[in-house]
Number of protein chains: 2
Amino acid sequence: MPRQVLAGIDIGGTKIALGLAGLDAQLLSLSRLPTQIELGPDRIMQAALDQLEQMTQEIDAQIAAIGVCCGGPLDRRKGLILSPPNLPGWDEFPIMNVVNERFGVPALLDNDANAAALGELHYGAGRGLQDLMYMTISTGIGGGLIVRGEVVHGVADAAGEVGHMTVQPDGPLCGCGSRGCLEVLCSGTAIARRARERLSSGNVHSSMNGKNITAKVVAEAARDGDILAREVWDETVYYLAIGIGAVISILAPEVVILGGGVSLAGDQLLKPLTEQVKSRSKLLPADKINILQAALAGDSGVYGTLFLAQRAAALS
Amino acid sequence: MPRQVLAGIDIGGTKIALGLAGLDAQLLSLSRLPTQIELGPDRIMQAALDQLEQMTQEIDAQIAAIGVCCGGPLDRRKGLILSPPNLPGWDEFPIMNVVNERFGVPALLDNDANAAALGELHYGAGRGLQDLMYMTISTGIGGGLIVRGEVVHGVADAAGEVGHMTVQPDGPLCGCGSRGCLEVLCSGTAIARRARERLSSGNVHSSMNGKNITAKVVAEAARDGDILAREVWDETVYYLAIGIGAVISILAPEVVILGGGVSLAGDQLLKPLTEQVKSRSKLLPADKINILQAALAGDSGVYGTLFLAQRAAALS
């Protein structure tokens, strides 16, 4: 008789990550496939589920429950994906019906930031903790909040939207319609945009001139002493410290965990950021302010879906 | 045989509120006495406990459990009051020992903002809800956060310190040592200070000239059309909207409840504040953004201590 396992699926705009774990949620195997956006949601999902089935056959296992995560917006309860910006064509896509038709087992859906928070809580930088904020600093800025070991969803599932708090009161217009949001100043996209704006303001000398500017290029140039890149980087840290400072003032979480591409700058980001957050959060003892890099990097989400699967099994 | 009741004590800098409730936490009686600071903590507490004992005798009751709240900082676990600014002389005062010596029943201590949040949750503007942020806008700005029906204390019991998030990045120096905190711009003290600063900047016409300026005077003058007062009030609303917007972005609570003296301005505060928070919190449907005035006004805290007492009884 095949062993019972938990399965997890993390659907991103560029890749899909698949995982299998024992019923104790211990990881058994992990796999990825590219998201071929042009194929549309049905064929993409069939390919992902085919691969998941193959993974289970390889270890002679049977799926007992499934966790799924995807970029928002989505409807957790109805199991619908609602036109996320990174998945064009996924409009009211009934992802949980598709999963259920194939496997017919208990399943849960959540957004990718909440899943990543669960992944870091149970398998990553937050292991053994109860209260944490996970923030992803990538093309956008999102987050997942854990209180007493569980995701806080909030009304309209809108909790954890840390990218849209105001950190520069009369700052630039954000895609959300407000001004000076953390996302419009500190996302990877915003870091690159601010660097380009300064470069094009004329009469500036920078090693970045003529390069294809990304947040990574800015981080590297700043590390190499480029003055313009450093200004952009310092400004990023300054506004991130205001946003993370607000999280800490409101929640005093055990740890703030940073994921997403920009977090890969590591100490170049974490050291000055931690210093500045400490200087803004005077009511907390400095040693209680812990800002860490995600331990699972791009896999936080798929690890979280394994925990969603465990939850689905327990609830059924 | 006397009936068993729950007792609550809310110790403020100007008054102490006492409450008795049935074991189902239904209120039976409420009473107040002035805090005669000059008498020191021991004699103040003896007078309060005397009055509490008298209240129980009047209804032929016996105290089964007690809840106590007080301004922070305090140590909930050790039952110590740690030099709160509004209670000079209460330094490492073992309040729970004093309560225990008199009554010898299960008892719990929490800070006044957390107790007020519990009071509003169970008896006030948050009845029937699970997730809320209570904010008090008074001489300072503090808060109490409820998630899934329980207070979030956070590391070092520092959760809910909404007064110390940055809302004006390079703003005025706050008593906490940081700059541009919500408290240093929007507390009652700060509203009065900003009005005085503008008045003393010379060559201004205002109905407030020569008056003893308080936040209430500013609110009233603004309502009566005084231009300077209106500017100060509008600025207050502007920065409060940034702070409350951050709370909503991070938590998406069912409701944000405002207590403290400044909240008594009612719609003069709530209407423009709600409008501005909506314009900054675009990811939430506008009808999910609910900012309400505390229903129990100055009694939120003592109501909360009755719930702390119920909790203490249940835990014992």
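This is a short walk through the two-chain model shown above.

Okay, hi everyone. Keep in mind throughout that what we have here is a predicted model. On confidence, chain A averages a pLDDT of 96, and 100% of its residues score at least 70. For the complex, the predictor gives an ipTM of 0.95 and a pTM of 0.96.

Let's start with how the two chains sit together. If you turn chain A by 180° and shift it 0.0 Å along the axis, it lands on chain B with an RMSD of 0.0 Å. The two copies are thus related as by a two-fold rotation axis. They also use the same surface, since 100% of the contact residues of chain A recur in chain B.

How many residues does each chain bring to the contact? It's 36 residues from chain A and 36 residues from chain B. On the chain A side, the elements giving two or more residues are β9 (141-147), α7 and α8. The largest share comes from α7(A), with seven residues.

Now, the core. Which residues touch the most other members of the largest nonpolar core? That core has 224 residues, and the answer is Val218(A) and Val218(B). Let's take the chain A copy. Skipping its neighbours within four places in sequence, Val218(A) is in contact with Ile191(A), Ala192(A), Ala195(A), Ile213(A), Ala229(A), Val232(A) and Trp233(A).

Val218(A) is also one of the buried residues of helix α6, residues 215-223 of chain A. The others on that list are Ala215(A), Ala219(A), Ala221(A) and Ala222(A). Looking down the axis of α6(A), those buried residues fall within an arc of 165°, so they line one face of the helix. As a reminder, an α-helix has 3.6 residues a turn, so residues three or four places apart point the same way. And what covers the buried residues of α6(A)? The cover includes α5 (188-200), α7 (227-251) and α8 (267-280) of chain A. So α7(A) turns up here as part of that cover, and we already met α7(A) at the contact with chain B. Just after α6(A), Gly225(A) takes a positive phi of about 95°.

Let's hop over to chain B for another helix, α3, residues 112-123. Its twelve residues should span 16 Å at 1.5 Å a residue, and the end C-alpha atoms are indeed 16 Å apart, so that agrees. This helix is mostly covered, with eleven of the twelve residues buried. Among them are Asp112(B), Asn114(B), Glu120(B) and Tyr123(B), along with Leu118(B) and Leu121(B).

Next, some backbone details. In chain A, a cis peptide bond joins Gly72(A) and Pro73(A), with omega about 0°. Pro73(A) sits in the loop between β4 (61-70) and β5 (74-75). Chain B has a cis peptide bond between Gly72(B) and Pro73(B), again with omega about 0°, and Pro73(B) is in the loop between β4 and β5 of chain B.

Then there are a couple of positive phi values outside glycine. Ala252(A) has phi near 45°, and you'll find Ala252(A) in the loop between α7 and β11 (255-259) of chain A. Is Ala252(A) buried or exposed? Ala252(A) has 24 other C-beta atoms within 10 Å, so it counts as buried. In chain B, Ala25(B) has a positive phi of about 75° and is not a glycine either. Ala25(B) is in the loop between β2 (15-21) and β3 (27-34). With 17 other C-beta atoms within 10 Å, Ala25(B) is partly exposed.

Last stop, two loop residues. Asp299(A) is in the loop between β12 (291-293) and α9 (300-315) of chain A. Asp299(A) has 21 C-beta neighbours inside 10 Å and therefore counts as buried. Leaving out residues up to four places away in sequence, Asp299(A) touches Ala17(A) and Leu30(A). Asp299(A) and Asp10(A) are 289 residues apart along the chain, with their C-alpha atoms separated by 8.6 Å.

Set beside that Lys211(B), in the loop between α5 and α6 of chain B. Lys211(B) has 14 C-beta neighbours inside 10 Å, so this one is partly exposed. From Lys211(B) to Leu18(B) is 193 residues in sequence and 35 Å in space, C-alpha to C-alpha.

That's all from me.

How values were computed:
Residues are numbered from 1 along each chain as its sequence is written. Chains are lettered from A and ligands numbered from 1 in the order in which they are written. This is a predicted model: local features need pLDDT of at least 70, side-chain atom pairs count only at pLDDT 80 or more; totals for chains, interfaces and linings use all residues. A nonpolar core is a set of buried Ala, Val, Leu, Ile, Met, Phe, Trp, Tyr and Cys residues joined through C-beta atoms within 7 Å. A residue is buried if 20 or more other C-beta atoms lie within 10 Å of its own, exposed if 12 or fewer, and partly exposed in between; C-beta atoms are placed from the backbone. Two residues are in contact if their C-beta atoms, placed from the backbone, lie within 7 Å. Helices (H or I, at least four residues) and strands (E, at least two) are DSSP runs, numbered from the N terminus. The arc is that of the directions from the helix axis to the C-beta atoms. pLDDT is the predictor's confidence in each residue, from 0 to 100. Copies are superposed by least squares on the C-alpha atoms of residues with pLDDT of at least 70 in both. The expected span of a helix is 1.5 Å times one less than its number of residues.
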